[in-house]
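Here is a friendly walk through one molecular structure, taken a piece at a time. Please keep the model open beside the text and turn it as you read.

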Amino acid sequence: MKQGNQTWVFENKPVIISSAAVGGPHESEGAIVDDFDILHKDLWLGEDSFEKAEKKLLEEACSIAIKKANLQNNDIEFMLSGDLINQITSSNFTARTIGIPYFGLYGACSTSMEGLTLASLIVNTGFAQNALAATSSHNAASEKQYRYPTEYGSQKPPTAQWTVTGAGAALVGKSGEGPKVVCSTIGRVIDMGVSDPFNMGAAMAPAAVDTIVNHFQDMNIDPTYYDIIATGDLGKVGHNIASTLLSDKGLNMPAEKFTDCGMIIYKENQKVFAGGSGCACAATVTFGHFFNRMKRGEIKKILIIATGALLSPMSYQQRESIPSIAHAVSIEN
Amino acid sequence: MPGKRNKELNNEQLGYLKFSGKLEPKRKIFSNCIKAFITGGTICVIGQLVQVFFKTYFDFDEITAGNPTIAVLIIIAVILTGLGIYDHIAQWAGAGTAVPITGFANTIASASIEHRSEGYVLGVGANMFKLAGPVIAFGVFSAFVVAFVKIVLKELGVI
C-alpha cells in the first residue's frame with residue numbers, strides 16, 4: 001500500500017528469514033569482523049580475475065543465506081541482485097549458478113535496499129512465498145571499472161572512499177523468525193552538480209537527505225522513532241553534509257542514532273580516506289552487523305538509507321555531473 | 001570542482017557546491033609539495049648515482065650513460081609496481097613519483113597487470129598504453145611543434 005508520496009507500507013510484514021555477509025581482506029581487519037559469515041584473506045579468492053572473485057563472493061553470500069534458512073536453491077522462488085560490474089555480470093553469473101527466476105538490478109550502491117524493497121513487495125503481494133535480495137562489490141574490480149588500474153600510483157584526495165570487497169544477501173519470506181520489513185521509501189534521482197568521482201559523499205548526500213525527509217513526512221513519524229538511522233556509504237564527508245542539510249530542514253538527527261555504514265565497517269586506523277563505499281558496504285553492514293545487533297536485542301527499529309551514485313566512467317569523461325539516488329527501508333524486530 | 005561544468009548548473013546547485021565545499025577536507029597542498037619534492041628528489045639522486053656508476057665502471061660518457069640509467073629506473077619502478085608497492089609510495093609522494101620516468105613506467109606496468117585477465121592481445125596489448133597513451137601522443141606532438149619552430153627560426157637566421 002502506498003502511503004504519502006513515495007513510501008510503500010508492507011502490511012503483511014515480510015520477514016527476513018536469513019541473511020549473509022561475506023567480506024575480503026580489508027574487511028577482515030575491519031571493525032565488524034564478527035558480523036561476517038566468511039572473510040577472505042585473498043583478494044583474488046583463488047580465481048584468475050577480480051570479476052570472477054566478485055562473482056564467487058556473491059555466490060557464497062547467496063548460498064549461505066539459503067542454507068541458514070534450511071532451504072535448497074530450488075526452494076527459492078525469485079532472486080533480485082545487482083552489482084557494479086559492467087552489465088551486472090557478477091549478479092547474472094550468480095543467478096546462472098543458482099538457477100532460479102531472476103531480476104537483475106542496477107542502483108549502484110543503493111542496490112541492497114532496492115533489492116530488499118522489491119523482494120519485500122513480491123512477498124507482500126503474495127506473488128511468492130520467498131525472494132532473495134543480494135548484491136556485491138569488489139574493491140579492485142570497481143577500481144578497474146570506474147577509475148585506474150589498481151597498481152597505478154595516483155594520489156587520492158581525502159574525500160575519496162574505499163570500495164568494500166564483499167557481498168550480502170537477505171532472504172525475505174512470508175512468515176518465520178527474523179526482522180520484519182515494515183516500509184520502504186523509494187528515492188528520486190537528485191543531482192546537485194557535484195562532478196568529482198573522488199567525492200561521492202558530497203554527490204550522494206542530497207539524495208539521502210531527500211529520501212529521509214520524504215520518509216518521515218510520508219510515515220508521519222520523527223527520527224526518535226528509530227534506534228538506528230544509517231545511510232549506506234556517504235562516508236565521513238557525506239555524513240557531515242547530510243547531518244547539516246537535515247538540521248537545516250528542521251530534522252534534527254540524534255548524533256548517537258544517525259550513522260553511516262561506510263563509517264562503521266572499517267577501523268579508524270585503516271587507510272580508507274572518508275570511509276567505505278560500494279554495494280557491499282550497506283549490504284554487509286545491514287545484513288551482517290545490524291541484523292546481529294537486532295538478534296541480540298540491542299536495537300529494535302532501524303532505517304537503512306542505501307545511497308547510490310549513478311555515474312559511469314564515460315559520463316564523467318563527457319563532463320556530466322553525478323546524479324544520485326537513495327532508497328530507505330525500515331526494518332523492525 | 002570548478003571549471004567548464006559549472007556554467008550549466010543552476011543557482012541551487014551552485015549554492016550546494018559552495019556549501020558542501022566548506023565541509024570537505026582539502027588536499028594538503030603544502031605538505032604534498034614537500035613530500036613530492038623529497039621523493040622526486042630522491043629518485044633523481046638515485047638516477048644520478050646510477051649514471052655515475054655507468055660512467056665509472058663501463059664505457060659510457062655523460063650523454064650515453066642516460067639510456068642505461070633510465071632503463072634501470074624503469075626496471076625498478078616496474079618491479080615495485082608488480083610487487084604492489086609503487087601505488088602505496090605514490091599515495092604518499094603524489095607528483096614526486098608521477099613526474100619522473102618511474103611514473104610513466106608505472107602507468108604501463110599497472111595497466112598491463114590489470115588487464116592480464118583479458119588475455120595477452122586484447123587485454124595486455126590493447127590496454128597497456130591506456131594511461132601512457134596521452135603522454136606519448138601529446139609528447140610526440142609537442143616535440144614536433146618545438147622542432148618545427150626551431151627549424152623555422154634557424155632558416156630565418158634568428159638562431
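Ser154(A) counts as buried because its relative accessible area is 19%, and the cut-off for buried is under 20%. You will find Ser154(A) in the loop that runs between α4 and β8 (162–163) of chain A. Setting aside the residues within four places in sequence, Ser154(A) is in contact with Tyr148(A) from its own chain, and with Ala90(B) and Gln91(B) from chain B. Do bear in mind throughout that this is a predicted model.

Now step back to chain A as a whole. Its domain assignment gives domain 1 (14–173) and domain 2 (180–332). Between the C-alpha centres of these two domains of chain A there are 18 Å. Their contact takes 52 residues from domain 1 and 51 residues from domain 2.

What lies inside? The largest nonpolar core has 41 residues, and those with the most contacts within it are Ile16(A), Leu116(A), Ile265(A), Phe290(A), Ile302(A) and Ile331(A). Helix α8 (residues 279–295) of chain A provides the largest share of this core, nine residues. Both domains of chain A take part, as the core draws at least three residues from each of domain 1 (14–173) and domain 2 (180–332). Phe290(A) is a good residue to zoom in on. Apart from neighbours within four places in sequence, its contacts include Ile228(A), Ala230(A), Cys261(A), Ile264(A) and Ile302(A). There is also a second, separate core of 36 residues, with Val194(A), Ala203(A), Val237(A) and Leu311(A) among them.

Next, look for Ala208(A), which sits in helix α5 (residues 200–219) of chain A. Is Ala208(A) buried or exposed? Its relative accessible area is 0%, so Ala208(A) is buried. Not counting residues up to four places away in sequence, Ala208(A) touches Thr231(A), Leu234(A), Ile305(A), Thr307(A) and Ala326(A). Gly187(A) is another residue to compare with it: Ala208(A) and Gly187(A) are 21 residues apart in sequence, with 8.1 Å between their C-alpha atoms.

From the packed residues we can turn to the empty spaces. Rolling a probe the size of a water molecule over the atoms shows where empty space is left. The largest pocket holds about 1200 Å³ of space. Its lining counts 44 residues, and Tyr146(A), Arg147(A), Pro197(A), Phe198(A) and Tyr316(A) are the ones nearest its centre. Which elements help to line the largest pocket? From chain A, α4 (139–146), α5 and α9 (313–317) each supply at least two residues, and so does α1 (11–23) of chain B. The largest share of this lining, four residues, comes from α4(A).

As for closed spaces, the count comes to one cavity of 30 Å³ or more. The largest cavity has a volume of about 160 Å³. It is lined by 15 residues, of which Leu84(A), Cys109(A), Arg147(A), Met200(A) and Ser277(A) lie nearest its centre. Two elements of chain A, α4 and α5, give two or more residues to the lining of this cavity. Arg147(A) is thus a residue to find twice, being listed nearest the centre of the largest pocket and nearest the centre of the largest cavity.

Let us finish in chain B. Helix α8 (residues 133–155) of chain B has 23 residues and reaches 33 Å from its first C-alpha to its last, close to the 33 Å expected at 1.5 Å a residue. Just after α8(B) comes Gly157(B), which takes a positive phi of about 80 degrees.

Methods
Residues are numbered from 1 along each chain as its sequence is written. Chains are lettered from A and ligands numbered from 1 in the order in which they are written. This is a predicted model: local features need pLDDT of at least 70, side-chain atom pairs count only at pLDDT 80 or more; totals for chains, interfaces and linings use all residues. Side-chain values use heavy atoms; hydrogens and water are left out. A nonpolar core is a set of buried Ala, Val, Leu, Ile, Met, Phe, Trp, Tyr and Cys residues joined through side-chain atoms within 4.5 Å. Buried means under 20% relative accessible area, exposed over 50%, partly exposed in between (1.4 Å probe, protein chains only). Domain bounds come from an automatic or database domain assignment. Contact means heavy atoms within 4.5 Å. The expected span of a helix is 1.5 Å times one less than its number of residues. On a 1 Å grid over the protein atoms alone, a cavity is a set of points where a 1.4 Å probe fits but cannot get out, and a pocket is an open set with protein on both sides within 12 Å along at least five of seven lines; lining residues have an atom within 4 Å of a point. Grid points are joined across faces, edges and corners, and a volume is the space filled by probe spheres set on the points.
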